[in-house]
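Subject: Structure handover

Hello,

I am passing the structure on to you below. My notes on it follow, chain by chain and then by the contacts between chains.

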Amino acid sequence: MKKVSIDPITRLEGHGKIEIFLNDNGDVANTYFQIPELRGFEKFCEGRPVEEMPRIVPRICGV
Amino acid sequence: MLKKMLGQFGVDEKRLRLDWVSASEGDRFASIVNDMTEEIRALGPFNRSDGGK
Amino acid sequence: MPKLKLALYWAGACGGCDVAVLDVNEKILDVANLADIVFWPIALDFKYHHVEAMPDKSIDVCLFNGCVRSSEQEHIAKMLRAKSKVLVAFGSCACFGGIPALANFTTRAEIMERAYIEAPSNENPEKTLPQTKVKVAEGEITLPELYENVYTLAQVVPVEYYVPGCPPTVDLILKVVNALATNSLPPVGAVVASEKTLCAECDRKKENKKITRIYRTHEIIPDPSKCLLEQGLLCMGAATRGGCGALCIKANIPCRGCFGPPPGVADQGAKLVSSIASIYETDGKDDIQKMVNEVADPAGTFYRFGMSTSMLRRKHSRKR
């Protein structure tokens, strides 16, 4: 099947890509939205002092 | 404090030792170095695990 | 002077550096006069294939923010390096690893496990984890490979300039824009910030560098006129490059080192251990243990932004 990629998605915060599969008629057979990033805040914050969280977690999203 | 911090990096605190020895304490110096050498030998080589992606 | 071709990209980032560029407010018009922005995902709709099609060195300046910790981020870093005359490591993540580099205290496996399986808000009974290639009914879809370690931009490609900060301040950004406009860039390799530590630009009264107690930031309300370190708070300013205008200090909170080590210091965290320990008054072994107990998280505090550029780089596991 023909595949149309939108990579990267833009004008928002974050990374993403969209893969659109077209069938022989040129209609959309299926579309997949994927997030190609992971930083691990939910893990590396474990064990850190709680009062430091307001200085660490805003870096999840700077917008 | 360095030992505590090194522990967070996965470095066994036995790999760091602080002692004060004067130049006239030859025997003491030798015994400290021998002790530490044996400790390290027992611990085995330090495995840096930041090789590879 | 023909307009410069400018690109901005975010790798392992949060968007803060991109917003910081927008924070120049009306001066963004100066940027628009000076440059054609050819790639900037937060604001413009150019795609990777547009960048791929550009001739090498056709981009005059690329401001690259975010750390590198995936194959896609490395790929785009290499692509932008090839297409750009000048590549700038923009922001603490690109310069030192930044906050995401705290992931170097854990492993990829642990991160995936927590994010996709353990987290309380997950609904993933099959325990599915992301894969680099997945066959679907229609064909195949791919994801980048997540690396074990977090890298700075310069650890992946050669870099001409460094603009530190989480995010870089508006003043620094305007300094960069101005240097581009007047074609007066500093020598290659320069860090666009101060050549001194933060203490040099901090207005507070510095009297006696001797403390007998270290406080966690919620334990006291500091006196806004006196040095924070002298009040027993862990202020990283003593081993942090200045140039930020001491913004955090002005908000009565201690510096956390986002501008990286000052010139001449190879490992910021090691320098901080030495700086803190040297001002703490102790009277024997028990006092030393007391001091150690008062520092809740030495590695995570002293290397808050700089794990990727530290000597030890990451937490090393005992087994191979």
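**What was found**

Chain A contains 2 helices and 3 strands. Read from the N terminus, its elements come in the order β-β-β-α-α. Please keep in mind throughout that this is a predicted model. The predictor gives the complex an ipTM of 0.95 and a pTM of 0.94. For chain C, the mean pLDDT is 95, and 99% of the residues reach 70 or more.

**Chains A and B**

Back to chain A and its overall form. Its radius of gyration is 18 Å, whereas a compact globule of 63 residues would have one near 11 Å. Along the principal axes, the C-alpha atoms of chain A fill a box of roughly 60 × 25 × 10 Å. Of the 63 residues in chain A, 22% are buried. Among the contacts in chain A with a separation of 6 or more, 6% are between residues 24 or more positions apart.

Chain B has 2 helices and 0 strands. Its radius of gyration is 14 Å, against a value near 10 Å for a compact globule of 53 residues. The box filled by the C-alpha atoms of chain B is roughly 50 × 25 × 15 Å, again taken along the principal axes. Buried residues account for 6% of the 53 residues in chain B.

**Where the chains meet**

Which chains share the most contacts? There are 2 pairs of chains in contact, and chains A and C share the most. Chain A and chain B are not joined by any contact, and their closest C-alpha atoms are 11 Å apart.

In the contact between chains A and C, 31 residues come from chain A and 42 residues from chain C. On the side of chain A that touches chain C, β2 (17–22), β3 (28–34), α1 (41–44) and α2 (53–56) of chain A each supply at least two residues. The element that gives the most to this side is β3(A), with 4 residues. By class, the side of chain A that touches chain C has 13 nonpolar, 5 polar and 13 charged residues.

Chain C also meets chain B: 20 residues of chain C are in contact with 14 residues of chain B. At least two residues each of the side of chain C that touches chain B come from β8 (146–151), α9 (268–279), α10 (285–294) and α11 (298–302) of chain C. That side of chain C is made up of 11 nonpolar, 3 polar and 6 charged residues.

One of these elements, α9(C), is worth a separate look. Its 12 residues should span 16 Å at 1.5 Å a residue, and its end C-alpha atoms are 17 Å apart, so the two values agree. The buried residues in α9(C) are C:Q268, C:G269, C:K271, C:L272, C:V273 and C:I276. Their cover includes α1 (2–8) of chain B together with α11 of chain C.

**Inside chain C**

The domain assignment divides chain C into domain 1 (4–99 + 149–181), domain 2 (110–147) and domain 3 (198–309). Taken over C-alpha atoms, the centres of domain 1 and domain 2 of chain C are separated by 29 Å. Between these two domains of chain C, 5 residues of domain 1 are in contact with 4 residues of domain 2. On the side of domain 1 of chain C that touches domain 2 of chain C, the elements giving two or more residues are β4 and α4 of chain C. This side of domain 1 has no nonpolar, 3 polar and 2 charged residues.

Helix α4 (residues 71–83) of chain C has 13 residues. From its first C-alpha to its last it reaches 18 Å, close to the 18 Å expected at 1.5 Å a residue. Which residues of α4(C) are buried? They are C:E72, C:Q73, C:E74, C:I76, C:A77, C:L80 and C:K83. An α-helix has 3.6 residues a turn, so residues three or four places apart point the same way. The cover over the buried residues of α4(C) includes β1 (4–10), α3 (48–53), β3 (59–65), β4 (68–70) and β5 (84–90) of chain C.

Regards

Conventions
Residues are numbered from 1 along each chain as its sequence is written. Chains are lettered from A and ligands numbered from 1 in the order in which they are written. This is a predicted model: local features need pLDDT of at least 70, side-chain atom pairs count only at pLDDT 80 or more; totals for chains, interfaces and linings use all residues. The expected span of a helix is 1.5 Å times one less than its number of residues. A residue is buried if 20 or more other C-beta atoms lie within 10 Å of its own, exposed if 12 or fewer, and partly exposed in between; C-beta atoms are placed from the backbone. Two residues are in contact if their C-beta atoms, placed from the backbone, lie within 7 Å. Ala, Val, Leu, Ile, Met, Phe, Trp, Tyr, Cys and Pro count as nonpolar, Asp, Glu, Lys and Arg as charged, and the others, Gly among them, as polar. The radius of gyration is taken over C-alpha atoms; the globule rule is 2.2 Å times the number of residues to the power 0.38. Domain bounds come from an automatic or database domain assignment. pLDDT is the predictor's confidence in each residue, from 0 to 100.
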